[in-house]
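Open the viewer and keep the selection panel at hand. We will go stop by stop.

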Amino acid sequence: MNTTILLFLLQDGITNGAIYALLGLALVLVFAVTRVILIPQGEFITFGALTYASLSAGQMPGTIKLAVAMGVVAFAFDLFTFRKALHARRVLRSVAVNIVFPLAIWGVMWALGGRPGNIALNIVLSLLIVAAIGLYLYRIAFQPIAHTSVLVLLIASVGCHLALQGFGLVFFGAEGQRGPAISSDAITIGALRFTGQSIAVYGITIALIIGLWLFFGYTLYGKALRATAVNRLGARLVGIRTSLSGQIAFLLASVIGAISGILIVPITTLYYDTGFLIGLKGFIAAIIGGLVSYPLTATAAILVGCVEAFSSFYASNYKEVIVFTLILPVLVLRSLAAPAVEEEKD
Amino acid sequence: MTSRILPILVFALVMAAIPFIPGVPPFWIVLLDNIGLAALVAMGLVLLTGVGGLTSFGQAAFCGFGAYTTAYLTTAYGMSPWLTLPMSLIVSGLAAVFLGIITMRLSGHYLPLGTIAWGISLFYLFSKLEFLGRNDGISGIPPLSIGSWKMLDPGSIYFVIWIAVIVCALLSMNLLDSRTGRAIRALRRGHVAAEAFGVQTARAKLMVFIYAAVLAGLSGWLYAHFQRAANPTPFGPHLGIEYLFIAVVGGAGYVWGGVLGAAVVVILKEVLQSYLPLIFGGGGQLETIVFGILLVALLQLAPTGMWPWLTAWLPAGDSRRRPAPADALPARSGSHPDTGVLLQIEKARKQFGGVIAVNDVSFTVQAREIVALIGPNGAGKSTTFNLITGVLTATAGKVAVLGKSVSGAPPQEIVKLGIARTFQHVKLVPDMTVLENVALGAHLRGRSGAIASMLRLDRADEAKLLAEAAKQIERVGLGDQMNQLAGSLSLGQQRIVEIARALCVDPMLLLLDEPAAGLRHMEKQQLASLLRQLRDGGMSVLLVEHDMGFVMKLANRIVVLDFGTKIAEGTPADIKTNPDVIKAYLGVVA
């Protein structure tokens, strides 16, 4: 093996790893705040990527209809919850979030009239659509069962994954799609060629990690989320609305998922069901990070990306086997180091 | 006994009759075959997840081990399917041993994620290995046969599948209703309580994991001979997920919930697949969408699954039944000294980071004495209990039982020496009856293992255990509540149940952590007289308690802790007038 191949594989691994890091961070975030293991993260990726690709191709993506429909259902859930005290302010807020917001996105797309907008607008629209879906998903599927066990939440999460993946097939068909690159420039350093896209991947990953760090460290909402993660009951007692925390967590996760999707869709062809596997690799990183540590998760993600790159070069048949087996030694180490702490369950 | 067997017998007869009803479409039989196959896997998951609290997404991979083992051995070596049955079960079991040793110690959410990972990894392994036929798999697997009768059609293997389902359901129910079963059922509520009564929790977890894997392997073996082919698709991560939600939909805590869930899910999928295109036109994966949405809706309406929702309509059993009298259990092996020092704590110290929770505390407990450990909140009383019982290991110092150091010994060893405890925060299994909870205390005095329990060879042993539990429950005065669920009792009564459970150990020293909290005045008096009676019978008691009236009247000696340090020790009269104690409780005396 020569240095060029080594560098090339490393570069490939780090690019993929950066994406896994983003997903891993989102998973850690959602789990810590809501105890939901977010299997539908994969669908956020594909929805973001394929919505962006459809918009770029001048098509109206079906995801907007889904967002509007889910908004209506979420509104109905809100009304049902408020039924004993229908205050105008609450209802108006719910109308604004659940009805007006998705309709406004639709309105913009309608105004575009099927012309492919510019890249920035397409990206913003895709992110907004997926953000809306993520938000309503929490409201509809998880908020009513937020108090139940991790297992029940997990199964609900699987149900959401199945339903959303089914919608993905309906909206985008079985063929794969690619989207336009954010930038077609490239620079060459030594033997390595850095495309604008890969630089965008690094830049956006780093920016998001710093952004999340600032959000959690220095804003009231970020601190409220952390408080919810540590102790739900305690957070409620000091006036934090845990349902709002859950919604914010899902909003962030869906946006992060969609960004990841948009970042990779110019590099690889995405199918309606590709997201599941990509999301799972984010999981591996999150597990190695112990579902609590953001820096460890990011490092682990880079490691997963590199292992994937090297094993696809040396043993491409066993690439997935190796990547998913990677977790076992980590689990062994974790179990050896596991403190015998009793967790109070239920 | 008959009330337990009768419904199963009726069910078995109905299932046996179905193929003989004229006009039953052959397609229904295929569906029933599939239901049976899924039910076997789901049943294992019920024990693993619903009862034991260990979530696994990887059961489909164990089906794969079972199916591929028989597929390979019957096609490559021409072995008889009946010979490969034990092989299939052993291979799935061995895979479970290996994966279990790695993952079973992980608690909470690591475990499901870990199982997803190896589930996917094994799926790709099946689809890449040359000798397993890669993605195409192995075809031409011989059918099951008895003599010259070859089970080629779905109608004949139907009987094998459903006999397997019913036998495994019986075995699983027997297992749950036994000494080992109680240990498994206690796992879901955390380790500490189970370990305090001698349950080897790691081993119990591994055992139930292997059991679930073997059931999945059996399902895989049947599947291979039913389809007469094996390819990787049915053993992939999606099926692993599906088995788990079959268990959850049916009711993850109930053996028959697995069967019910399998029926509901298999039939629902079939109905959706055949009727949705008629309603909405073809195309797309409409059935997965509807299926996913129905699943979420079901969880919101019935988070515990459908089985308990159904059985709620049935009349409840008699809750006043007392277990039949049986021979007395053998006493705990080991010594029951009548005099001398039972427990000696010497300069015991426990640090959590910078906090010194217990600071060089020394005291002893003699035979036939009641010692009270008192002190303000945060004084280190419960930490001292945890040091004695092996839940925590002392940073420095020594804990000795009957003169022998037990530093570093696990809780399971401490309880064998005759030290039994209760907990400050009650640790009962709320969905087990009082009797079953208390019987867990006698765990170490029983002998029967898992296999004996499944085959009901444990009945003599079991009767003795339950009789002992009933005796102790009556001793603490809760005879009327014996068959109620522990979770339905008041907190004060639950504390008393914990005492009965500790008495089942046949201890020489009883450690009670705030036993009188939540009791009414009369109940406290009854408790005090019970403890005196125990002392007069030769038992020692070390108790933490905040009710000073209770402590002063009862204790022979009192040890006072404050901020982890012993500040006084002596008779109740000494302690009442000790200036340091008054200062610790009331602040500086003016």
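The tour visits each chain, then a hairpin, then the contact between the chains.

**Before you start**

Keep in mind that this is a predicted model.

**Stop 1: chain A**

Select chain A and colour by secondary structure. You should find 14 helices and two strands. How compact is chain A for a protein of its length? Its radius of gyration is 21 Å, and the globule rule gives 20 Å for 346 residues, so chain A is as compact as a globular protein of that length.

Now turn chain A along its principal axes. Its C-alpha atoms fill a box of roughly 70 × 60 × 35 Å. Of the 346 residues in chain A, 48% are buried. Look at the contacts in chain A with a separation of 6 or more: 77% of them link residues 24 or more positions apart.

**Stop 2: the hairpin in chain A**

Stay on chain A and select residues 186-189, which are strand β1. Add residues 192-195, strand β2. These two strands of chain A run antiparallel, and four bridges join them.

Zoom in on the end of the pair. I189(A) stands opposite L192(A), a residue of β2(A). Two residues lie between β1(A) and β2(A) in this hairpin. Click on G190(A) in the turn: its phi is positive, about 60 degrees.

While the strands are on screen, one point about strands in general. In a regular strand, side chains alternate between the two faces of the sheet.

**Stop 3: chain B**

Hide chain A and select chain B. Here there are 23 helices and 14 strands. The C-alpha trace of chain B spans about 90 × 50 × 50 Å along its principal axes.

Chain B has 590 residues, and buried ones make up 52% of them. What share of the contacts in chain B with a separation of 6 or more comes from residues 24 or more positions apart? The share is 75%.

**Stop 4: where the chains touch**

Show both chains again. The contact takes 43 residues from chain A and 42 residues from chain B. On chain A, select these helices in turn:

- α6, residues 150-172
- α11, residues 274-288
- α13, residues 319-325
- α14, residues 327-337

Each of them supplies at least two residues of the side of chain A that touches chain B. Which helix gives the largest share of that side? It is α6(A), with 16 residues.

Finish by colouring the side of chain A that touches chain B by residue class. It has 31 nonpolar, seven polar and five charged residues.

How values were computed
Residues are numbered from 1 along each chain as its sequence is written. Chains are lettered from A and ligands numbered from 1 in the order in which they are written. This is a predicted model: local features need pLDDT of at least 70, side-chain atom pairs count only at pLDDT 80 or more; totals for chains, interfaces and linings use all residues. Two residues are in contact if their C-beta atoms, placed from the backbone, lie within 7 Å. Ala, Val, Leu, Ile, Met, Phe, Trp, Tyr, Cys and Pro count as nonpolar, Asp, Glu, Lys and Arg as charged, and the others, Gly among them, as polar. A residue is buried if 20 or more other C-beta atoms lie within 10 Å of its own, exposed if 12 or fewer, and partly exposed in between; C-beta atoms are placed from the backbone. The radius of gyration is taken over C-alpha atoms; the globule rule is 2.2 Å times the number of residues to the power 0.38. Two strands pair if DSSP finds at least two bridges between them.
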